[in-house]
Amino acid sequence: MLTRPDRATIVTLLAPPTVWALHFLTAYILAAIACAKGWDLGGVRLVIAAATAAALVFIVLAARAAHRHTGFTADTPPHDDPTRASRMRQMGAATFLVAALSFVAVVFTGLPAAFIADCR
Amino acid sequence: MSDDLSRNTLAEAQAARLRHVWANPRGWRYWSAVNNTEVGIWYIVTAFGFFLFAGVLALIVRAQLAVPQNDLVSPEFYNQAFTLHGTMMMFLFAVPIFEAVAILLLPQMLAARDLPFPRLSAFGFWCFLIGGTFVAGSIFFDAAPASGWFMYPPLATNKDLAGIGADIWLLGLSFIEVASIAAAVELIVGVLKCRPPGMRIHLMPLYCWYVLIVAGMILFAFPPLIAGDILFELQRMFDWPFFDPDRGGDPVLWQHLFWIFGHPEVYIIFLPSIALMAMIVPTFSQVPITGYGWIVLAAVGTGFLSFGLWAHHMYTTGLPALSLGFFSAASEAVAIPTGVQIFVFIATMATGRVIFSVPMLFAAGALAVFVFGGLTGVMVALAPFDWQAHDTHFVVAHLHYTLIGGMLLPLIAGLYYFFPFATKRMLSARLGRWAFWLIFTGFNITFLPMHFTGLRGMPRRVFTYPAGHGWDWLNLISTFGAYIMAIGVLIVVVDVVRALRHGRPAPRNPWNAGTLEWTVETSDENWGVRSVPQISSRYPLWDQPGLVEEMDQGRGYLPDAAAGRRETLITGVLDATPEQVQRLPTNSFRPLAAAVFIGTCFIAATFEWWWLATAGGIIGIGVILGWLWTGTARPPEAAMMDAGRGLTLPLYASGPRSVGWWAMCITMVGDATAFISLVFGYFFYWTIHAEFPPPEATGPGLAWPGIAAATGLAAWATVLAARHANRAGRVAIARLALIAGAGLAIASIAAGAAAILTTGLDPVVHVYDATVWVLVIWTALHLAAGVLMQLYCLARSLAGHMTPLHDIDIRNVALYWHFTAGTLAVTMAVIGLFPLASG
């Protein structure tokens, strides 16, 4: 989607929360396996930190593309004209909001790994 | 003047043809109807019936708990009553009512004649009715499930402690889950492909956004439960030790699979009801919703985040604190989109002039109750608090505040709002107010005290309790409130029954709403819309003057049924540009027959009557094949047709342009999710064992899985070759490829069978063996279905229904085979290669 920034579709809308989901699963599965198998949690926490950073970068890029789709201030909500341009602005606006939520959610998921150092 | 006259004559002739094509069958044949207006109403009435039944069970539970040491009912009956109450409210009311309402409303909201797969809707309904009656009826034979609505092992896997009720739960509900997935497929394709021309995705009613998200959630939430049900039933019937720690199993796996379903399910219930509010609030504020994009955010955000919550039901299972942290974080994060949703409604009300009618009263009450439940949700999302409150009546109070505030009250608001839509009559505003205040106060009197009984330590699911713990009078108050609430519900029922006969006739669009479903006519026309309009607004009835007259006079699209067939418009996903006219199947008993025979298969399996189950299954599959053969993908009599307003559209499309391809794709996403859940099981066992596969395990080796993979993937390649050859006009080669492909797939099944049968694996001995068996059987069943599809395509080609130009069948089958090839490759890699990597 980042390679085709001219389009705002259902795929671009769902990309940021999908990144959240992948990040969440990575963090959960890694931690679960590490704790079950007695792996070193320090390494796992570093991997989770890296995954968090990568996810946040992707989400910020997605948010930037979405913000571009909104047309900045050329048109203000409710973006309800029966035109392609209006559709793109509305999808951009919704995607921007979804990206913001995904950003917060990824940070939330990263925090336990930042503070909890063992498997108790 | 004569022009007008001839136009009127033409319009009347068109209307007569449409009326004839869309007419309901009469007499006993009425039950063969598949039109959404009929199926939707049956669905709603049935789900509501189950709601009342489950409500009576709740009243029995509350009566038993009214005073300490009560012996009104036996402990056994009590267990059945609370289990069935939860099970029915969730599986037979809350989820199906969403599907029911969506099937009824969605086509009219989209000015479509019907959803793309009306017979699938009918099939789903009959599955629901049969499975639901079976599960609910079990209590009359003292055979209802009694282990709690989540069926935790080892209690529920123990045949002495949990009798046949557990099997009834597992098989009866699995059958209904099939119906849920069928509805999800129907609704997703409906929202994406059946919108009226011009209704671009940013103009569609918010209800559609919610339907889309919720149906998508069903695809990812229900399959893990189906996978869990399979494991569970294999343990109960054949003693395969998936949840038995003595033989390597683990009961916690069931909890994971159940709650990966169970928590999203709460939102699957909640979002559609909130969607009704998103329709009601703007109407009674007489302004467009404030913050359309924010609602999209709320729907999408909640839809995703709700999947990160499952383990917050498992805080006390001993998971590491780090894992708990992730789930706690997601549980707190989901409060953000939920809160946004509520603020949008409040903002909409603030910008308009609110008319406090009965639907609005229920909507406002819902917001108040839900916010309260949401706040206690934030409390129990915190692990340390949850450790204290877990399994107490505090949680009972919390979940009822969220479900009744988030689901039941908005639904009753929707009942009052949409009753004139469905029946052309109005409910009584006076009785509605009485009902609201009784339900609202009764509810709070019932459940508010439970927070305190819970905090004072009263556990859930207890049959009775001793006096003197400070629980006595709180319980008495709760019971008192439950009966007040029941009177309120009874008033709603009385009002509905009364209004069906004696209600004030509803004018058209009685609430002055802005969305298309209110174009519904006050006469009993069955065609949905007389003609399909061109849309240019989110609230067409407010913003497009003359729209209704244009539709009524047949000046929109598809004003006629010249070919004597049911038809609806298919449009593009993003911009709703017209793409195709879709022929829809007509009334048929086949969906009912298919549901009866498949239902027989499930029900007979419950009682371990294997011959009857097998016969039911085979006949059921035969009926479905007959249904597909006669009802789908027939080449039309002409390539193009006049769709009205000067538009000519194709009558046939295959591949990604056809609705069937989308349905296959969506179904297989759900199927893949179930498969991934089984694979998750394999790796879950790997994490809990020091060595997995266990050192004494002998199979399945590398050779047989390798052969199975090679032959199966070759079968996939031949299907692709057949599709390609058919398209290129080399029909004979295509047919040969299909035959070769079927042979290869059968060889792959045989190799898979050899992998588990000849290598010393015994599924009763250890969970490793059982898991390998399950993965191989799952894959083999998919290959077998693939063979059936190849032969079906061959037969279609020979019968002339599948040609180089008309290739829906083979393209959908090829899509199926993509997923099957993936399943095969993963299975064989996991069972064949992973032991090498981990050993």
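How many helices and how many strands are there in chain A? Here are my notes; bear in mind that this is a predicted model.

1. Chain A first, to settle that opening question. Chain A has three helices and zero strands. Reading along its sequence gives the pattern α-α-α. The radius of gyration of chain A is 18 Å, well over the 14 Å that the globule rule gives for 120 residues, so chain A is more spread out than a compact globule. If you prefer box dimensions, the C-alpha atoms of chain A fill roughly 60 × 20 × 15 Å along the principal axes.

2. On burial and contacts in chain A: of its 120 residues, 43% are buried. Take the contacts in chain A between residues at least 6 apart in sequence, and 74% of them join residues at least 24 apart.

3. Surface and charge, still in chain A. The accessible surface comes to about 5800 Å², and carbon and sulfur atoms account for 70% of it. Chain A carries 10 positive and 6 negative charges, and the mean positions of these two sets are 7 Å apart.

4. Over to chain B, and helix 13, which covers residues 393-423. This helix bends by about 45° at Tyr417(B), with a proline, Pro420(B), following within four residues. Helix 13 is mostly covered, as 27 of its 31 residues are buried. Just after helix 13 comes Lys424(B), with a positive phi near 65°.

5. Have a look at Lys193(B), in helix 5 (residues 164-193) of chain B. Is this lysine buried or exposed? Lys193(B) counts as buried because its relative accessibility is 3%, and the cut-off for buried is under 20%. Setting aside neighbours within four places in sequence, Lys193(B) is in contact with Leu569(B), Ile570(B), Thr571(B), Gly572(B), Val573(B), Glu579(B), Val659(B) and Trp662(B). If you're checking the surroundings of that side chain, note that Glu579(B) is among those contacts.

6. Now the backbone oddities. As background, most peptide bonds are trans, and most residues other than glycine have a negative phi. Which peptide bonds are cis, with omega near 5°? One is the bond from Pro153(B) to Pro154(B). Pro154(B) sits in the loop between helix 4 (118-137) and helix 5 of chain B. Another is the bond from Phe692(B) to Pro693(B), again with omega near 5°. Pro693(B) is in the loop between helix 20 (659-688) and helix 21 (703-727).

7. Next, positive phi in loops. Arg461(B) is not a glycine, yet its phi is positive, near 60°. You'll find Arg461(B) in the loop that runs between helix 14 (429-455) and helix 15 (472-502) of chain B. With a relative accessibility of 28%, Arg461(B) counts as partly exposed.

8. One more of that kind: where in chain B is Ala633(B)? Ala633(B) lies in the loop between helix 19 (610-631) and strand 3 (640-644). Its phi is positive, about 55°, although Ala633(B) is not a glycine. Ala633(B) counts as buried because its relative accessibility is 18%, and buried means under 20%.

Conventions. Residues numbered from 1 in each chain as written. Chains lettered and ligands numbered in written order. Predicted model: local features only at pLDDT ≥ 70, side-chain atom pairs only at ≥ 80, totals over all residues. Heavy atoms only, no water. Helix = DSSP H or I, 4+ residues; strand = E, 2+ residues; numbered from the N terminus. Rg over C-alpha atoms; globule rule 2.2 N^0.38 Å. Buried < 20%, exposed > 50% of the residue type's maximum accessible area, 1.4 Å probe, protein only. Contact = heavy atoms within 4.5 Å. Areas by Shrake-Rupley, 256 points an atom, 1.4 Å probe, with all protein chains shown as cover. Lys, Arg positive; Asp, Glu negative; His and termini not counted. Charge placed at Lys NZ, Arg CZ, Asp CG, Glu CD. Bend = angle between axes of the 7 residues up to and from the residue.
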